[in-house]
Amino acid sequence: MFEQSQTKESRLPYYEYTGPMEQSPNDHRQHRLIRLPNGMTVLCTYDPQAESAAASLTVNVGSMSDPPSFQGMAHFLEHMLFMKLGLTSHATISLLTTKTLKVAALQANVSLADEVRKFYDMYYSASIMKLAVVGNHTLDQLTEWAVSKFSAVKDKGDTSLKLDSHPLGPNELGKVIFYETLGF
């Protein structure tokens, strides 16, 4: 049950969930669930104890979507998106990932910028993304920020990766696999 509404300050359109929301009796924050005109679902949370505002976006695109020649593309693009939106100064990109992608582009004789754009155009769609915004600002202010910053993300329908089978086969299932991080 989403009803059409608009932000208080900019009069931008969005849809607000009007049905019941389950909430823990221990959770004293206020929540508002909205859907942007582009189909993105957003949970805004007013937390009077928060020291600042924060946003978390799941784009529903990950390493399984990486082109074979460009491993790390999904993670690289995730950071680029947040840097472009100007939402965080902590969106640093691994120097190793950047160099690896640049080398892969050189070896394939293609432009890394073109490959990033192709990947973005293929997978990034508002209707498969979910956003959470929390802060010590009013729900109206958090809604204003979410609608104004994220409504421009294009909706291309369901672009999520479709797998023919489970990515793990009988050789991997039922085993504990340990990884060791290599320091560079």
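Let me begin with β6, where the side chains alternate along the strand: Leu131, Val133 and Gly135 point to one face and are buried, while Lys130, Ala132 and Val134 point to the other and are not; buried here stands for under 20% relative accessible area, exposed for over 50%, and partly exposed for what lies in between, with a 1.4 Å probe and protein chains only. This is a predicted model, in which local features need pLDDT of at least 70 and side-chain atom pairs count only at pLDDT 80 or more, whereas totals for chains, interfaces and linings use all residues. Residues are numbered from 1 along each chain as its sequence is written, and side-chain values use heavy atoms, leaving out hydrogens and water.

β6 belongs to an open sheet of 6 strands with mixed pairing, in the order β1-β2-β3-β4-β6-β5. Strands are DSSP runs of E of at least two residues, helices runs of H or I of at least four, both numbered from the N terminus, and two strands pair if DSSP finds at least two bridges between them. At the edges stand β1 (2-6) and β5 (54-58), each with a single partner strand, so one side of each has no neighbour in the sheet.

On one side, β6 pairs with β4 in the parallel sense over 6 bridges, and Lys130 is the bridge partner of Thr41. With β5 the pairing is antiparallel, over 5 bridges, and Ser56 stands opposite Ala132. β4 (residues 41-46) in turn pairs with β3 (residues 30-35) in the antiparallel sense over 6 bridges, with Tyr46 as the bridge partner of Gln30.
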